[in-house]
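Work through the following exercises with the sequence and the model in view. Each task is followed by a solution in steps.

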Amino acid sequence: MTDQRSASPELLAAAADAWRFRFTVECDARLRFRELASRLERLGSPAPLAELARRASADEARHAGRCAQMAAALGRPIPAEAAPPPAPVAPRRLDPFDAVTYELVAACCVAESVSVAVLTALLVEAGDKTL
């Protein structure tokens, strides 16, 4: 973690809030990928697809843990309460196969691409090699 002594309390609070928000995003993704794995299995999709979704869920849990550590290190620990499940993003009119395809594109192509772009930009600004 970078030296916090030179940062203002306002900056530290903003950084902690950002990590708390990222925690929420990662938890949402963890639950979304877990649900996608179940739905892929129910639809009879190839087993490797469901396994990839389960691995993605585990990755998101690890990311959430790291975000929680960062928030706590900045003085804003994450409450232990469970997050509510994320709402589906697929339109209700879609059949189950099209809905899971829609959710996969939303989670894997769109949301993960945005997360990588945001975190890459934050890493440059943070200058923290532990991240």
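## Exercise 1: Confidence and overall layout

Among the elements of the protein chain, helix α3 (residues 96–126) has the lowest mean pLDDT, 81, while α2 has the highest, 94. The model is predicted.

Task: describe the confidence, the secondary structure and the extent of the protein chain.

Solution. Step one: the average pLDDT of the protein chain is 86, and 90% of the residues score at least 70. Step two: the secondary structure amounts to three helices and zero strands, and the order from the N terminus is α-α-α. Step three: the C-alpha trace spans about 55 × 30 × 25 Å along its principal axes. Step four: the protein chain has 131 residues, of which 25% count as buried.

## Exercise 2: Helix spans

Task: compare the end-to-end distances of α1 and α2 with the spans expected at 1.5 Å a residue.

Solution. Step one: helix α1 covers residues 9–42, which makes 34 residues. The expected span is 50 Å, and the end C-alpha atoms are 50 Å apart, so the two values agree. Step two: α2 has 27 residues, and its first and last C-alpha atoms are 39 Å apart, close to the expected 39 Å. Step three: look just past the helix ends. Gly44, just after α1, has a positive phi of about 75°, and Gly75, just after α2, has a positive phi of about 90°.

## Exercise 3: Cysteines

Task: find how many disulfides the model holds.

Solution. Step one: a disulfide needs two cysteine sulfur atoms within 2.5 Å. By this rule the count is zero. Step two: for Cys27, the nearest cysteine sulfur is that of Cys67, at 8.4 Å, and Cys27 is in no disulfide. Cys67 is likewise in no disulfide. Step three: decide whether these residues are covered. Residues under 20% relative accessible area count as buried. Cys27 has 11%, so Cys27 is buried, and Cys67, at 5%, is buried too. Step four: other buried residues of α2 include Ala50, Ser57, Glu60 and Met70.

## Exercise 4: Salt bridges

Task: examine three of the salt bridges and say how exposed their partners are.

Solution. Step one: the structure holds eight salt bridges. Step two: in one of them, the side chains of Arg32 and Asp28 meet at 3.5 Å, N to O. Both residues lie in helix α1, four residues apart, about one turn of the helix. Arg32 is buried at 15% relative accessible area, whereas Asp28 is partly exposed at 29%. Step three: Glu35 and Arg42 form a salt bridge at 3.5 Å, N to O. Glu35 is partly exposed at 38%, and Arg42 is exposed at 60%. Step four: the side chains of Asp59 and Arg62 meet at 3.4 Å, N to O. These residues are three apart in helix α2, so about one helical turn separates them. Asp59 is partly exposed at 34%, and Arg62 is exposed at 53%. Step five: salt bridges that share partners join Asp28, Arg32 and Glu103 into one network.

## Exercise 5: A surface patch

Task: which residues make the nonpolar surface patch of about 390 Å²?

Solution. Step one: the patch is made by Val105, Val110, Val114, Val118 and Leu122. Step two: Leu122 lies in helix α3. Step three: the relative accessible area of Leu122 is 43%, so Leu122 counts as partly exposed.

Key: Residues numbered from 1 in each chain as written. Predicted model: local features only at pLDDT ≥ 70, side-chain atom pairs only at ≥ 80, totals over all residues. Heavy atoms only, no water. Buried < 20%, exposed > 50% of the residue type's maximum accessible area, 1.4 Å probe, protein only. Helix = DSSP H or I, 4+ residues; strand = E, 2+ residues; numbered from the N terminus. Expected span 1.5 Å × (residues − 1). pLDDT = per-residue confidence, 0-100. Patch = residues over 30% accessible without salt bridge, like charges linked within 9 Å, V, L, I, M, F, W, Y side chains within 5 Å. Areas by Shrake-Rupley, 256 points an atom, 1.4 Å probe, with all protein chains shown as cover. Salt bridge = Lys/Arg side-chain N within 4 Å of Asp/Glu carboxyl O.
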